[in-house]
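Student: Hi! I'm new to this one, could we go through it together?
Tutor: Happy to, let's have a look.
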Amino acid sequence: EPAFITQTAAFVAELKGLSFEDIGRITARGAKELFGIGEAEGAKIAYSIRDSLYLNVTAKCTNRCVFCPKNRDSVVKGHDLSLRGGDPSAEELLKAVESEGGPARWSEVVFCGYGEPLTRLDAVLKVARELKKRGARRIRVNTDGLGNLYHGRDITGELAQVVDSISISLNAPTKEQYNLICRPSLDGAYESMLDFLAKCAKKIPEVTATAVAMEGVDIKACAEMARAAGAKFRSRPYNELG
Ligand code: SF4
């Protein structure tokens, strides 16, 4: 019954753990693209999901995960994340946060990307420091955990100065399976990711290892490894982002 559309949207939002606004944005973009009605919203540097504000720091990544959704589409939860103009500068990132109401409006600001944010460590640290000054309640980073390997030094101490929470992609309980799933571009990636996880767990208040629940991945073993490293664990549904 079309008259029940708002109630249906509210139910879907609850079912999917999203906000009513998220469902509105996702379905509006879907309808515009499917029926060719009006212009879909343009690409975004800062984008909201639920009450979190995400920052699209870069499209560059140190992995080529088999499940990576950017191989298929540039849209996440109704937001177009294609960085056609290249990676945003620190100033552009800060401006994008202000245009979404400023950092204090959100429960957290998350450095993410459609890539690996810590390949842009300087920009992440600079923006995170400034967001804290401007009243950010919580700073989180979503990472593949290869920051130390990429930069050739331990960056976890620098991160700990500005980051309240970090999510690290563990994705497999063995090096062999990790290499098949994440297809890292750097040698020694699995060992370095595990070391990064353990180092973060000693310095950053909230550390969560994650694994995408793909067929054949022993999620229980991943959870045990996370706990052994002193981190929390979260299994992420396959093909679900944000
Ligand atoms: S780490 Fe994230 S952005 Fe990079 S390839 Fe994997 S899923 Fe994609």
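Student: How much area does the chain expose, and what share of it do carbon and sulfur atoms supply?
Tutor: This is a predicted model, and in it the chain exposes about 12000 Å². Carbon and sulfur atoms supply 53% of that area.
Student: And what percentage of the residues are buried?
Tutor: Buried residues account for 47% of the 242 in the chain.
Student: Okay, new topic: how many helices and strands are there?
Tutor: You'll find 9 helices and 9 strands in the chain. The radius of gyration is 18 Å, close to the 18 Å from the globule rule for 242 residues, so the chain is as compact as a globular protein of that length.
Student: What box do the C-alpha atoms fill?
Tutor: Along the principal axes, the box is roughly 55 × 45 × 30 Å.
Student: Which domains does the assignment give?
Tutor: The domain assignment gives domain 1, covering 1–40, and domain 2, covering 42–236.
Student: How many Å separate their centres?
Tutor: Taken over C-alpha atoms, the centres of domain 1 and domain 2 are separated by 27 Å. The two domains do touch: 8 residues of domain 1 are in contact with 9 residues of domain 2.
Student: Speaking of contacts, what share of those between residues at least 6 apart in sequence join residues at least 24 apart?
Tutor: For the chain, that share is 77%.
Student: Last one, on charges: how many positive and negative side chains are there?
Tutor: The chain has 34 positive and 32 negative side chains. The centres of these two sets lie 2 Å apart.

Definitions and conventions
Residues numbered from 1 in each chain as written. Predicted model: local features only at pLDDT ≥ 70, side-chain atom pairs only at ≥ 80, totals over all residues. Heavy atoms only, no water. Helix = DSSP H or I, 4+ residues; strand = E, 2+ residues; numbered from the N terminus. Rg over C-alpha atoms; globule rule 2.2 N^0.38 Å. Buried < 20%, exposed > 50% of the residue type's maximum accessible area, 1.4 Å probe, protein only. Contact = heavy atoms within 4.5 Å. Areas by Shrake-Rupley, 256 points an atom, 1.4 Å probe, with all protein chains shown as cover. Lys, Arg positive; Asp, Glu negative; His and termini not counted. Charge placed at Lys NZ, Arg CZ, Asp CG, Glu CD. Domains from an automatic or database assignment.
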